[in-house]
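Hi,

Here is the structure I promised to pass on. Have a look at it first, and then read my notes underneath.

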Amino acid sequence: MNRFRITIALIIACATSYATAAPSILSIKNSITDSAIVYPESFETDTQKMLKNWYLQNYTVLETDFSKNAAKGESDEVYIDRLSRIPTTIELPYNQIVRSYIDMYAQRRRQLVENMLGMSLYYFPIFEQALERNGLPLELRYLPIIESAMNPDAVSRAGATGLWQIMIPTARGLGLEINTLVDERRDPIASTEAAAAYLKQLYDMYNDWSLAIAAYNCGPGNVNKAIRRAGGDKPDFWSIYYFLPKETRGYVPAFIAANYIMTYYKEHGISPALARRPIITDSVHVNKRVHFNQISDVLNIPVEEIRVLNPQYRKDIIPGDTRPYSLVLPSMQVYSYIMSQDSILAHDAATYKRRTTVEPSSSESGEYTTKLVIKRHKVRRGETFSSIAKKYGVTINEIKSWNGIKRRTKTLARGKVLKIHTYERVAVPKKEEPDIDSSSNTYTQSEQPDTLANHIVKNDTEPAVENCDTTAAETIAQVEKPEPQKTTKKETKTTKRNNKPKIHTVKRGDNLYKISKKYPGMTVEKIKRANNLKSIDLQIGQKLKIPAN
């Protein structure tokens, strides 16, 4: 009996011990470790290249010398305490994986943090407004830190693009426009609205922010697969951690670390980024096709500033001729744009014009050649030898040589006038072919057919006609006075019918060149004269008179 009681006691003790040792969700998220951490691509951002960003250079004050600030880590207790004091809706637990990301930001990537602090002065208000409109936690504004290091032009190895790193199928499903000229994934305002809508959908799906954030990174399919493999009644990110793709495992820890470092950067000796001057922007709708260089030249705004404020335009072209697009400028420049719109569109219009119809140069408009011209370029604020050379398609050394500037010179004074040697393409008009009156076989003196007699008259080295022998003279006479031929009544009727003008109805895709080729002996000029056309533009359904040959 005593032996039985001892056995029961041992079983109860073991069961109690197992129940105590069994891991809970709480203990997993606080004690979990990973020896194969994969950091997001944003950690690889080139900070030196980032420092050349026009906004960081002109609107912020950054401390780029970190040697005087000792990089230091903190105890686990300090990290836990600081994270617990951040006012957030989203849970920010601490463990050794989170610590590895905090240490990465606070020690090895300190300059990246300062650069992102500088960019946050401009982007965070945009993020916060969109999150607030959608009723989402404001701490989600830190997602672009781990996604793109706050770079709207960032492109991942998988092709995700923009501040929020959205893939093309997802972007189009969210209503963003993507083509050769425009990529709204790079547009801070449009992409933030799309990302907020997507995050809201994901949270409604899981009712858990850690799972919604993970799904934002790897997609709901991978998260659902991990949930099925992990089992359990109430899953969260930490309970499915080892069932997720390696790249996604670090996503939530990196998000927690981003919240930490952007809140406590001063405690780690990272200098705050200060606004050198506030940037207040406004937008205007553009309904004409316009190039950034046209805006830059007329309004005297550095083209780099226009690019920073409008990164969605991939080729520096706003295709406003297809639909209205938004142009963001410093607020005072918006009024200048509205007042100077005609001047902007007219500036270098031939260079940036988009042709809707064109005729082959060899058929009607003649050949082309180039001629050397010397232009004068006045150096504007922010311009460099490199940017000017790129604008005109020349080299830096050529610019220095043309202007007597020493090769070692690296800077340009604002207002300096430079001589730029460049080439322009000009048309060489093609000579008109003689018109032949087929009904009478007569020619004007300048339109004589190329006959043996014509060669003898034109060529000064050949003997005159009267010195030719009889055979040659007879040949010439035969050419000049062909024997009359009898014409039947049937041929006369056919000739009259052929001499009547035809009517051509313009169809889709027609142009004057195509139409002229449909009628033997016809040219574009003949059609233009017959219809008194001043241009080559045609309308579908238009009736054109095709003159008889």
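Below is what I found, going from the whole chain down to single residues.

**Overall picture**

First of all, this is a predicted model. The chain has 549 residues, of which 41% count as buried. Its secondary structure comes to 27 helices and 10 strands. If you take the contacts between residues at least 6 apart in sequence, 69% of them join residues at least 24 apart.

**How far to trust it**

The average pLDDT over the chain is 80, and 76% of the residues reach at least 70. Two stretches to keep in mind: residues 1-26 have a pLDDT below 50, with three contacts in the model beyond near neighbours in sequence. Residues 436-482 are also below 50, and that stretch has 20 contacts of this kind in the model. Where pLDDT is low, the predicted coordinates should not be read in detail.

**Helix α17**

Which residues of helix α17 (331-339) are buried? They are Ser331, Val334 and Tyr337. These three span an arc of only 95 degrees around the axis, so they sit on the same side of α17. The general background is simple: an α-helix has 3.6 residues a turn, so residues three or four places apart point the same way. On the face of α17 turned away from that buried side you'll find the exposed residues Met332, Tyr335 and Met339. As for what covers the buried residues of α17, the cover includes the strands β3 (281-286), β4 (289-291) and β6 (325-330), along with the helices α15 (292-299) and α18 (341-346).

**Salt bridges**

Side chains of opposite charge can pair when their charged atoms come close. The structure holds 19 salt bridges, and I picked out a few for you.

- Aspartate 81 and arginine 85 meet through their side chains, at 3.0 Å from N to O. Aspartate 81 is partly exposed, since its relative accessibility is 38%. Arginine 85, with a relative accessible area of 51%, counts as exposed.
- Glutamate 193 pairs with arginine 133, and their closest N and O atoms are 2.1 Å apart. Because glutamate 193 belongs to helix α10 (188-206) and arginine 133 to helix α7 (110-133), this pair ties together parts that are 60 residues apart in sequence. Glutamate 193 is partly exposed at 27% relative accessibility, while arginine 133 is exposed at 55%.
- Glutamate 177 pairs with arginine 323, with 2.5 Å between the closest N and O atoms. This one links distant parts of the chain, 146 residues apart: glutamate 177 is in the loop between α9 (168-173) and α10, and arginine 323 is in the loop between β5 (317-319) and β6. Glutamate 177 is buried, with a relative accessible area of 19%; the cut-off for buried is under 20%. Arginine 323 is partly exposed, at 34%.
- There is also a network: Asp153, Asp183, Arg185 and Arg186 are joined by salt bridges that share partners.

**A buried glutamate without a salt bridge**

Glutamate 383 sits in the loop between β7 (367-378) and α21 (385-392). What is the nearest side chain of opposite charge to glutamate 383, and how far away is it? It is arginine 380, 4.4 Å away, and glutamate 383 is buried yet has no salt bridge. A salt bridge needs the side-chain nitrogen within 4 Å of a carboxyl oxygen, so a distance of 4.4 Å does not qualify. The side chain of glutamate 383 does reach the backbone nitrogen of arginine 380, at 2.8 Å. Leaving out residues up to four places away in sequence, glutamate 383 touches His377, Lys378 and Ile388.

**Two more spots**

Serine 42 is in the loop between α2 (25-31) and α3 (47-50). Is serine 42 buried or exposed? Its relative accessibility is 4%, so serine 42 counts as buried. Not counting residues up to four places away in sequence, serine 42 touches Leu112, Ile145, Ile146, Glu147, Ser148 and Ala149.

Glycine 173 belongs to helix α9 and counts as exposed, because its relative accessibility is 64%. From C-alpha to C-alpha, glycine 173 and alanine 194 are 9.5 Å apart in space, and they are 21 residues apart in sequence.

Cheers

Conventions:
Residues numbered from 1 in each chain as written. Heavy atoms only, no water. Helix = DSSP H or I, 4+ residues; strand = E, 2+ residues; numbered from the N terminus. Buried < 20%, exposed > 50% of the residue type's maximum accessible area, 1.4 Å probe, protein only. Contact = heavy atoms within 4.5 Å. Lys, Arg positive; Asp, Glu negative; His and termini not counted. Polar contact = N/O pair within 3.5 Å; in protein donor to acceptor, adjacent residues only side chain to side chain. Arc of directions from axis to C-beta. pLDDT = per-residue confidence, 0-100.
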